[in-house]
Amino acid sequence: SDLNAAIEGNVDPHQVASIVISGAQFKDWHGPTHPRDLIGAAHSVVYFVASAIADRGFGWAHATEEKMNDPVINALADKITMDPNPAPLPDRFTHRHGGTVIITMNDGTVHRNTCTAPLGSGPRGVEWGDVDAKYRRLVPLSGLANDKIEASLQVCHDFTQVKQMRSEEH
């Protein structure tokens, strides 16, 4: 919803006056405003929204210290507030629901977009390309050699064909 509102409105991040995020699941918790590490960035809806507006997208590049220190993203994050009275969720499964982003520009123009289900949620599905990108970004942090990473990723792709969980190599 943030990305769509920014793209559809051709939003200049330097002309944003305020941003409101509306979603019952964000009312009491929305993660850190200015994350400083991968875990903080992964749990910050404020950072997601600010980054998507600034860069017209959100991806693994935003898990870097450089992006977390980007002055445009941080200035946008400081303009974000949570709607104190969002519409109630239709069920108890907060992770399945999206939200609404309302971007108000300095000239009073308002750009609004609602996403009913977030990327990677059941209703929208998960693409293998997204799984591959996340796997290749996070698994190297374990110290596993690249050839082992690719082999293990292939096992994930072929999981329905796996006959045993243990490799012959020890």
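This tour proceeds through a predicted model of one chain, selection by selection.

**The whole chain**

Begin with the full chain in a cartoon representation. Seven helices and four strands are present, and from the N terminus onward they are arranged as α-β-α-α-α-α-β-β-β-α-α. Next, display the surface. The exposed area amounts to about 10,600 Å², of which carbon and sulfur atoms contribute 55%. Buried residues make up 34% of the 170 residues in the chain. If contacts are drawn between residues with a separation of 6 or more, 59% of them join residues 24 or more positions apart.

**Helix H3**

Select residues 45–55, which form helix H3. How many of its 11 residues are buried? Nine are, and the helix is accordingly described as mostly covered. To highlight them, pick Val45, Val46, Tyr47, Val49, Ala50, Ser51, Ala52, Ile53 and Ala54.

Remain in H3 and centre the view on Val46. Is this residue buried or exposed? Val46 counts as buried because its relative accessibility is 2%, and the limit for that class is under 20%. Now show the residues around Val46. Leaving aside residues up to four places away in sequence, Val46 touches Ile21, His30, Pro32, Thr33, Ala77, Ile80 and Met82. One of these, Pro32, merits a distance label: Pro32 and Val46 are 14 residues apart in sequence, and their C-alpha atoms lie 7.4 Å apart.

**Arg56, just after H3**

Move to Arg56, in the loop between H3 and helix H4 (65–68). What is the sign of phi here, positive or negative? The phi of Arg56 is positive, near 60 degrees, in a residue other than glycine. As background, most residues other than glycine have a negative phi. The position of this backbone feature is just after H3. With a relative accessibility of 28%, Arg56 counts as partly exposed.

**The loop between S2 and S3**

Select Asn85 next, in the loop between strand S2 (80–82) and S3. Asn85 is exposed, at a relative accessible area of 63%. Draw a line from its C-alpha atom to that of Gly23: the two residues are 62 apart along the chain, and the separation of these atoms is 8.7 Å.

**Strands S3 and S4**

Continue to strand S3, residues 99–105, and pick Thr100 within this strand. Thr100 counts as buried, having a relative accessibility of 14%. A second line can be drawn from Thr100 to Asp83, where the C-alpha atoms are separated by 9.5 Å and the residues by 17 along the chain.

Then select His111 in strand S4, residues 110–115. His111 also belongs among the buried residues, since its relative accessibility is 16% and the class covers values under 20%. Which residues does His111 touch, not counting those up to four places away in sequence? They are Ala5, Gly9, Val11, Val101, Ile102, Ile103 and Met105. Displaying these side by side with the strand S3 selection is useful, as S3 spans residues 99–105.

**Helices H6 and H7**

Colour H6 (residues 128–138) and H7 (residues 146–157) separately. The two helices pack with their axes 11 Å apart and at an angle of about 150 degrees. H6 is therefore roughly antiparallel to H7, as angles over 145 degrees fall in that class. The crossing of H6 over H7 is right-handed.

To inspect the contact itself, show the side chains on both helices. From H6, select Trp128, Asp132, Tyr135 and Arg136; from H7, select Ile149, Glu150, Ser152, Leu153, Cys156 and His157. By residue type, this contact comprises five nonpolar, two polar and three charged residues.

**The segment after H7**

Finish at Met165, in the segment that follows H7. Is Met165 buried or exposed? Met165 counts as exposed because its relative accessibility is 69%, and the exposed class begins over 50%. For a last distance label, join the C-alpha atoms of Met165 and Val155: these residues are 10 apart along the chain, and the atoms are separated by 9.7 Å.

Notes:
Residues numbered from 1 in each chain as written. Predicted model: local features only at pLDDT ≥ 70, side-chain atom pairs only at ≥ 80, totals over all residues. Heavy atoms only, no water. Buried < 20%, exposed > 50% of the residue type's maximum accessible area, 1.4 Å probe, protein only. Contact = heavy atoms within 4.5 Å. Areas by Shrake-Rupley, 256 points an atom, 1.4 Å probe, with all protein chains shown as cover. Axes fitted to C-alpha atoms, helices over the stretch in contact; angles between N-to-C directions. Parallel < 35°, antiparallel > 145°, perpendicular 65-115°, else oblique. Left-handed = near helix turned anticlockwise from the far one by under 90°. Nonpolar A, V, L, I, M, F, W, Y, C, P; charged D, E, K, R; others polar.
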